[in-house]
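Let's take a friendly walk through this model together, with the viewer open beside you. We will begin at the ligand and then move on to a sheet.

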Amino acid sequence: MVYEVNRARRTEVLRLIALGLLPTLAQGPVIRRPHAVRVAAALDSNAWACRALDGLRERYGSGPVLVSVAGRQALVLLSAEDAHRVLGETGASFTAASKEKTAALSHFEPDAVLITRGASRKPRRLFNETALDHPAPEHRFHEAFRAAVREEARPLLRHGTLDWKRFHAAYQRIVRRIVFGDAARDDERITELRDALRGDGNWFMLHRKRHRLRTELFVRSQKYLDLPEPGGLARAARATPAAADVKPVAQMQHWFFAFDAAPIGAYLALGLLAGHRTEAAGARTDHAYLRACVLESQRLWPTSLAILRDTTVETRWPGGPTVPAGTAVIFYSSYFHRDARRLPYADRFEPEVWLDGRAEADWAIAPFSRGPAECPGKNIVLFTSATLLAELLRLQWRLSSPHRLGPGRPLPRTVDHTSLRLTTADRPAAADRPGVTD
Ligand code: HEM
């Protein structure tokens with residue numbers, strides 16, 4: 001069979017590997033490697049990857065381009081229309097359970113909906129949507145989540161400085177409380193197990209499965225579900241009807257894992273707000289605005305570096321290539337989120353685009369994906385992060401590391417959150433405000 005397809009040449013493939021694939025793999029698709037993040041930010045590796053994709057677009061037009069890497073065929077998306085189609089047709093001609101994603105995530109969450117194909121996907125997706133109250137803006141337990149966030153924010157307000165280590169540790173406690181309930185607040189072992197297995201996931205199928213660690217993780221998680229009165233999302237999970245094949249603990253592993261991207265987005269949002277603060281501007285700190293700031297931070301530096309699909313049937317693009325079932329499809333998030341051809345605000349911090357409908361209307365801006373596999377935890381993340389930002393913004397923060405997060409120059413396409421530091425000068429006055437107590 002002859003397939004009409006724009007096929008990248010060898011030199012172009014090598015360029016894509018060097019500028020896109022290797023930096024993505026080095027940074028860690030499943031759990032970030034801080035040293036590699038630092039190097040990627042110093043080189044602004046995302047900007048190079050975007051340039052390589054621009055090069056393909058100039059040569060072949062906006063249709064997808066077929067790239068062959070080590071025998072694996074992958075279509076690289078280059079137009080917003082194709083991105084919309086692929087995300088929208090997930091479950092029909094495309095599966096979210098791509099080969100590579102399945103290899104990576106099965107180290108710690110086999111049976112999670114995201115890597116489920118076939119008949120089990122529907123009941124698992126329904127279970128997730130029901131327990132997570134998707135797409136309601138607020139989860140039924142949001143008051144308890146807010147209380148947990150406020151408690152964990154307090155120690156952060158007591159120091160005059162904020163660094164990633166302290167911020168991340170506080171957010172991890174929030175995550176354990178929201179996912180498993182307050183009883184898990186200090187269960188650092190469960191986080192350690194998750195992260196060890198995520199480290200294995202960074203190596204896809206090249207790392208052996210560590211069954212003993214995974215069993216320990218699952219047993220520990222089940223313990224919180226089995227409490228007489230489970231807390232957090234565990235309570236919602238227990239109240240949700242589940243067919244035999246749903247495996248609630250496996251679904252919860254994804255919630256626990258995916259939540260770990262939230263601190264990155266929230267911390268960078270705080271950095272952006274600090275960088276954009278002017279004495280004249282009375283900064284907005286209402287929930288809707290802070291929610292938009294978190295979304296904007298995720299647009300600028302998507303924590304899901306790429307969204308992957310596999311075709312499930314022979315697939316044809318109008319006027320373009322036809323590819324066989326089993327072809328990988330790559331949506332490189334930064335390329336679409338920073339597309340200056342379409343987005344006048346591409347390299348600026350502009351939370352307003354999430355308030356006036358511009359970003360929502362554009363399916364190529366997809367930090368939480370779109371369509372049938374859209375993240376059902378999105379509103380929980382946004383609620384949690386916006387609530388935390390509101391607490392922290394009781395103080396006025398300024399950047400104390402040399403990050404370029406202010407207005408005036410285009411924002412870099414790659415950023416190192418781990419070395420971002422903030423300080424506050426007005427701690428004593430603000431700490432007197434109601435609600436900021438030990
Ligand atoms: C900043 C944090 C998060 C980000 C950026 C994020 C992003 C995403 C993205 C991009 C996808 C789709 C992946 C794909 O299409 O291949 C996804 C799927 C999913 N997310 Fe999230 N997520 C986050 C946190 C969460 C949390 C906290 C939960 C649960 C409490 C959650 C639950 C899920 C589930 C269950 C799926 C699978 C959906 C499906 O396969 O139908 N996510 N998320």
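Sorted by class, the shell around the ligand holds 16 nonpolar, seven polar and four charged residues. Keep in mind as you look that this is a predicted model. Which residues come nearest among the 27 around the ligand? They are Lys101, Arg121, Arg125, Arg309 and Cys375.

Zoom in on the polar atoms next. The side chain of Lys101 places an N or O atom 2.5 Å from an oxygen atom of the ligand. Ser369 also faces a ligand oxygen, with an N or O atom of its side chain at 3.2 Å. For His254, the partner is a nitrogen atom of the ligand, which lies 3.4 Å from a polar atom of the His254 side chain. If you color by secondary structure, look for α6 (121-131), α12 (248-258) and β5 (306-311): these are the elements that contribute two or more residues to the shell.

Now turn to the sheet. Strands of a sheet pair through backbone hydrogen bonds, in either a parallel or an antiparallel way. Here, three strands make an open sheet, ordered β4-β10-β9, and their pairing is antiparallel. At the edges sit β4 (161-163) and β9 (397-399), each of which pairs on one side only. On average, neighbouring strands in this sheet are turned by 30 degrees against each other, direction ignored.

For a closer look, follow β4 alongside β10 (residues 421-424): three bridges join the two in the antiparallel sense. Where in β10 is the bridge partner of Leu162? Leu162 is matched with Leu422.

How values were computed
Residues are numbered from 1 along each chain as its sequence is written. This is a predicted model: local features need pLDDT of at least 70, side-chain atom pairs count only at pLDDT 80 or more; totals for chains, interfaces and linings use all residues. Side-chain values use heavy atoms; hydrogens and water are left out. Two strands pair if DSSP finds at least two bridges between them. Helices (H or I, at least four residues) and strands (E, at least two) are DSSP runs, numbered from the N terminus. Axes are lines fitted to C-alpha atoms, for helices over the stretch in contact, and angles run from 0 to 180 degrees between N-to-C directions. A residue is near a molecule or strand if one of its heavy atoms lies within 4 Å of it. A polar contact is a pair of N or O atoms within 3.5 Å; within protein, one must be able to donate a hydrogen and the other to accept it, and residues adjacent in sequence count only if both atoms are side-chain atoms. Ala, Val, Leu, Ile, Met, Phe, Trp, Tyr, Cys and Pro count as nonpolar, Asp, Glu, Lys and Arg as charged, and the others, Gly among them, as polar.
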